[in-house]
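User: Could you take a close look at the salt bridges in this one for me? I'd like to know who pairs with whom, and how buried or exposed the partners are.

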Amino acid sequence: MREFPIRPKLRSLGLVWLLTTTAAVPALADPEHAITMLGSAKYAADFDHFDYVNAQAPKGGSLRLHALGSFDTLNPYIVRGKPAAGVHHGFGVYFETLAKRSRDEPFSLYGLLAESIETPDDRSWVEFTLHPDATFSDGSPVTVADVIFSWDILKTKGLPNARATWSRVANIAETGPRRVRFTFADNTDQELPLLVAGFMPILSKDWWARRDFGTTTLEPPLASGPYVIDEVDPGRRIVYRRNPDYWGRDQAVNRGQFNFDKIQYDYFRDAAVALEAFKAGDYDLRFEGDATRWATQYAFPAANTGRVNLAVLSTGTPSGLSALTFNLRKPKFADRKVREALSNAFDFEWINKALLHDGYRRTTSMFTGSDLAPVGAPAGAELALLEPWRGKIPDAVFGPPYAPPATDGSGRPRANLKHAAALLDSAGWTIQDGQRKNSTREAFQLEITIRRPSNEKIALTYARNLKRIGIETSVRLVESAQFQGMIDTYDFDMVFGFWGVTLSPGNEQQNYWGAQTANQPGGRNWAGVSDPAVDAMINALGAAKTRGELVAAARALDRVLMWNHYVLPLYHDPGQRLAHWSRIARPKTVPVYGLRLEALWDADTN
């Protein structure tokens, strides 16, 4: 595949027509089997399978997984309800998209429901030709009408992030048999064609015509993926069964994947109960996100005898951003000095040593571990992006990369707390009657809301340090549904949050940090960031046409976010912690984005 931008190529048209209408003809492009954000696709049009799968993996057996809490809907694309595990198109087993992402490239997608993809140099539009064999699980064909319906319903009734993205499509039209074109309102975001290709689920227009898309449902929606829903026990279990008539079973993008006859998710009330169920053999595999549990609770008989395999898998992905999130919509967090002071009260070194078994690394950037993380002082293209904002963003942005306040790990961070107190004093929050109060004698009160019991000891330790500088702090543990409601309405002071990123960041940053999403109910801009400098860096990220431009924009965005202390960066895992019963087999190659569930198989079927 050629380097983007794709060179326009006019189709064969009548000579007279060409001569008389050339000025009105939009640039056309060659059909391609793949589309990339930057650079060339790794896999040629005739590729057989992705390198990180076992193309000869046997079919059969079952995979039992777990989820926490409960669920009450099988429609994952609306604000209402909590969707069942596995049903979202990102898992790949049920709903499908026009193209499928490879996991060993920064950002490349290969045709799935679409057999070819076209886009011009300026990426002002993207056109897809649907695969002639693509069908829903009932055998009905996937049509252009389904694609147009999917865009329209997600734009009007979908999740806030989806509405924001799909509203950037100015027009969608059928341009020929099995052909559909998306024309964008502007072409400043080079990522939009990829988002349409790989992130818009294709829904059945006929199926939804008789149902209300905006309400929760436990009726399995019609979909085109490799599995159908076989059993639904609301809030307790969902079972997927491999569809023997799946239209895409022989496609190169699927070869060696979706190998289990059955995938089952059982729900548990909390992580502790779920871990004990795994040890008892009630399900087959888990990714462990808690370093303390990994260090202290995996020396059980089955692991000691090899019936359960333990591994930490290295990946090439950025760390993402795990952080305590300030709700900037609340006046007490408006002053950057206050946010910096609160960051100084967090003693990572002691927490990691005393509570987390030294199992984590401190996060200094949402791109830690990749070339997207800032290095040294900004220069070149990165400095050019930041320079117009000098005087409007912190001066620190123009120096070394952000580094969180560090301590000696003794648990007595006196210097940090002294600095925090000075910052609060200068922000007008002084000690009055033993408490931090402002000029109107309003006390600085802070509530940290958590949904995971494993975060409680972290929050309590942090709260103790905050109390030492006069901030009255409480920690509140709430169940999952209540927490989601609070997040959707932004009814919190501080919460633990996580924002995942890729090696090719783009439009998702608008959803995370953009002013457009700052007050959208149910959105991902939990902090409520509304900063024109941040928006400018996000726009530069979307407009990047070379890897160098992308790296410069990502680093500039990171500096502005971090030095404004919009969130309090926490820590990240050194890799994927994986535990699985020996019956579950996995490929030898771990792609850059980590192990994928669809690449596993049941070793007992050999």
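Analyst: Here's a walk through the salt bridges, with a short look at the nonpolar cores at the end. Keep in mind that this is a predicted model.

By the rule used here, the count comes to 32 salt bridges. Let's start with Asp 284 and Arg 64, whose side chains meet in a salt bridge at 2.8 Å, N to O. Asp 284 sits in the loop between helix 6 (271-279) and strand 12 (285-287), while Arg 64 belongs to strand 2 (residues 62-68), so this pair ties together parts that are 220 residues apart in sequence. What about exposure? Asp 284 has a relative accessible area of 1%, and since anything under 20% is called buried, Asp 284 is buried. Arg 64 comes in at 24% relative accessibility, which makes Arg 64 partly exposed.

Next up is Arg 241 with Asp 230, another side-chain salt bridge, this one at 3.2 Å, N to O. Arg 241 is in strand 10 (residues 237-242) and Asp 230 is in strand 9 (residues 227-233), so here the tied parts are 11 residues apart in sequence. Both ends count as partly exposed: Arg 241 has 37% relative accessibility, and Asp 230 has 44%. As for networks, Arg 64 and Asp 284 turn up again, joined with Arg 583 and Asp 602 into one network through salt bridges that share partners.

A further pair to look at is Glu 219 and Arg 211, with their closest N and O atoms 2.9 Å apart. Glu 219 is partly exposed, with a relative accessible area of 35%, and Arg 211 is partly exposed too, at 27%.

Now for the nonpolar side of things. The largest nonpolar core has 164 residues, and the members touching the most others are Phe 128, Phe 182, Tyr 240, Phe 346, Tyr 462 and Trp 513. Helix 17 (residues 547-563) gives this core its largest share, 10 residues. There's also a second, separate core of 14 residues, with Phe 268, Ala 274, Ala 277 and Ala 303 among them.

If you want a place to begin in your viewer, pull up Asp 284 and Arg 64: the pair has a buried acid, a partly exposed arginine, and a place in the network with Arg 583 and Asp 602.

How values were computed:
Residues numbered from 1 in each chain as written. Predicted model: local features only at pLDDT ≥ 70, side-chain atom pairs only at ≥ 80, totals over all residues. Heavy atoms only, no water. Core = buried A, V, L, I, M, F, W, Y, C linked by side-chain atoms within 4.5 Å. Buried < 20%, exposed > 50% of the residue type's maximum accessible area, 1.4 Å probe, protein only. Helix = DSSP H or I, 4+ residues; strand = E, 2+ residues; numbered from the N terminus. Salt bridge = Lys/Arg side-chain N within 4 Å of Asp/Glu carboxyl O.
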